[in-house]
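Work through the exercises below with the sequence and the structure at hand. Each task is followed by a solution in steps.

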Amino acid sequence: MNCTVSLHTHLEGSIRPATFYELMGEDAKEKLTVTKNCSSLKEFLDKIAYGYPLTQKRANITRVAYECVETASKNDCLYLEVRFGPTLHTTGDMQLPDTIEAVLEGLQKGEKDFGTVARLIISTLRHATPESSIELAKLAVQYKNQGVVGFDIAGDEANFPAYNHHKAFEIAKLGGLGITVHAGEAGIAANVAEAILELGATRIGHGIRVVDDPKVVTLAKARGVVFEVCPTSNLHTGAVDSLEEHPLKEMVEEGLLVTINDDDPETSQISLRNEYELALELLENKLSRKQLLENALRASFVEEKVKNHLLTVIR
Ligand SMILES: [Zn+2]
């Protein structure tokens with residue numbers, strides 16, 4: 001069965017250029033998508049930020065969430081964890097709870113219409129204040145039984161330590177949410193250790209630099225930490241210079257648990273299906289599709305009952 005799962009898909013990187021054009025009246029493909037590799041993660045994030053005016057309207061963000069599930073279903077995606085940063089989408093009449101509810105509405109409608117099970121992760125940002133992260137974590141916990149399953153931190157890894165936000169992660173964890181942290185993407189292996197030890201992450205967004213430090217590899221293995229690897233995104237953000245140099249295979253050889261994800265499919269102009277094909281090529285039979293799917297479903301933050309059902313589907 002050639003199905004897929006994604007645990008790491010950003011809503012902000014899932015705006016179809018055609019939708020942007022229809023809703024904003026502007027052909028923004030050049031600004032919204034990667035036409036050549038970016039020189040840095042920051043340059044890549046600037047492309048994503050270009051979509052914010054569109055998603056600051058309730059009906060629009062619901063539509064983007066709905067289309068995100070539709071796109072996933074076209075990639076035979078069984079299960080999708082979408083993440084987004086609510087603070088980026090607030091305006092005068094859209095407060096934080098409104099943004100979360102609007103996205104959940106789109107995901108739930110998408111799941112109903114297309115069959116891909118979809119859940120939501122709330123992301124704070126590294127450059128945000130610790131207080132705003134705490135507010136977001138409390139809010140995320142309130143929506144725990146309505147489709148929010150996890151808490152994450154994204155953004156400029158090189159310049160802002162995630163540790164500043166440890167209180168927010170405590171709140172999310174105590175509230176029963178799954179913890180994932182972007183680390184070891186544009187930064188060093190020590191950031192992966194920080195995410196595991198200080199923030200309680202059981203999953204790491206990217207984390208590819210883990211291979212640079214055997215001590216961190218040992219730590220991640222001992223804790224059963226799962227890596228959300230996004231190959232093409234790593235190329236586009238400059239985290240790797242070429243796909244040939246991508247450490248995916250090395251991670252598996254080291255005994256780490258990996259999953260394959262699309263990160264920002266519209267920004268990168270990629271498909272989840274192709275990311276799996278690409279990853280399987282890079283892995284050179286070190287891991288099968290079924291093993292990748294099983295890693296992802298086992299590490300997913302979805303309710304146990306749904307998880308167990310999805311695991312039976314891939315067997
Ligand atoms: Zn990401």
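**Exercise 1.** Find the element in which Pro 214 is placed, and decide whether Pro 214 is buried or exposed.

Solution. The model is a predicted one. Step one: Pro 214 has its place in helix H10. Step two: count the neighbours, which gives 11 other C-beta atoms within 10 Å of Pro 214. Step three: apply the cut-off, by which a residue with 12 or fewer such atoms is exposed. Pro 214 is therefore exposed. As a further check on its position, take Gly 175: the two residues are 39 apart in sequence, and their C-alpha atoms are 33 Å apart in space.

**Exercise 2.** Do the same for Pro 97: in which helix is its place, and is it buried, exposed or partly exposed?

Solution. Step one: Pro 97 belongs to helix H6, residues 96-114. Step two: 13 other C-beta atoms lie within 10 Å of Pro 97. Step three: exposed requires 12 or fewer and buried requires 20 or more, with partly exposed in between. Pro 97 therefore counts as partly exposed. Thr 87 is ten residues from Pro 97 along the chain, with a C-alpha separation of 10.0 Å.

**Exercise 3.** Describe how helix H9 and helix H10 pack: at what angle, and with their axes how far apart?

Solution. Step one: H9 (residues 189-199) and H10 (residues 214-223) pack at about 30°, and their axes are 9 Å apart. Step two: angles under 35 degrees count as roughly parallel. H9 is therefore roughly parallel to H10. Step three: the handedness of the crossing of H9 and H10 is left-handed. Step four: H9 contributes Ala 189, Val 192, Ala 193 and Ile 196 to the contact, and H10 contributes Val 216, Leu 219, Ala 220 and Arg 223. Step five: sorted by class, the residues of the contact of H9 with H10 are seven nonpolar, no polar and one charged.

**Exercise 4.** Classify two further helix pairs, H7 with H8 and H15 with H16, as roughly parallel or roughly antiparallel.

Solution. Step one: H7 and helix H8 (residues 166-174) pack at an angle of about 10°, their axes 8 Å apart. The two are therefore roughly parallel to each other. Among the contact residues are Ile 134 and Ala 137 of H7 and Ala 168 and Ile 171 of H8. By class, the contact of H7 with H8 holds nine nonpolar, one polar and two charged residues.

Step two: H15 and helix H16 (residues 304-314) have axes 10 Å apart and an angle of about 175°. Angles over 145 degrees count as roughly antiparallel, so H15 and H16 are roughly antiparallel to each other. Lys 290, Leu 293, Glu 294 and Leu 297 of H15 meet Lys 307, Leu 310, Leu 311 and Ile 314 of H16. The contact of H15 with H16 divides into five nonpolar, no polar and three charged residues.

**Exercise 5.** Lay out the sheet: what is the order of its eight strands, and which strands stand at the edges?

Solution. Step one: the sheet is open, and its strands follow the order E1-E2-E3-E4-E5-E6-E7-E8 with parallel pairing. Step two: E1 and E8 (257-260) each have a single partner strand and stand at the edges, so one side of each has no neighbour in the sheet. Step three: on average, neighbouring strands are turned by 25° against each other, direction ignored.

Step four: look at the edge strand E1, residues 4-10. Seven of its seven residues are buried. E1 pairs with E2 (residues 77-84) in the parallel sense over five bridges. Val 5 stands opposite Tyr 79 in E2, and His 10 opposite Arg 83.

Step five: turn to E8. E7 and E8 run parallel and are joined by four bridges, with Glu 228 opposite Thr 259 in E8. Leu 257 and Thr 259 point one way from E8, Val 258 and Ile 260 the other way, and all are buried.

**Exercise 6.** Which strands does helix H7 lie across, and which does helix H15 lie across?

Solution. Step one: H7 (residues 130-142) lies across E3 (117-125) and E4 (148-154), and runs at about 160° to E3. Step two: H15 (residues 289-299) lies across E1, E2, E6 (203-206), E7 (226-229) and E8, and runs at about 100° to E8.

Terms used. Residues numbered from 1 in each chain as written. Predicted model: local features only at pLDDT ≥ 70, side-chain atom pairs only at ≥ 80, totals over all residues. Pairing = 2+ DSSP bridges. Axes fitted to C-alpha atoms, helices over the stretch in contact; angles between N-to-C directions. Parallel < 35°, antiparallel > 145°, perpendicular 65-115°, else oblique. Left-handed = near helix turned anticlockwise from the far one by under 90°. Contact = placed C-beta atoms within 7 Å. Nonpolar A, V, L, I, M, F, W, Y, C, P; charged D, E, K, R; others polar.
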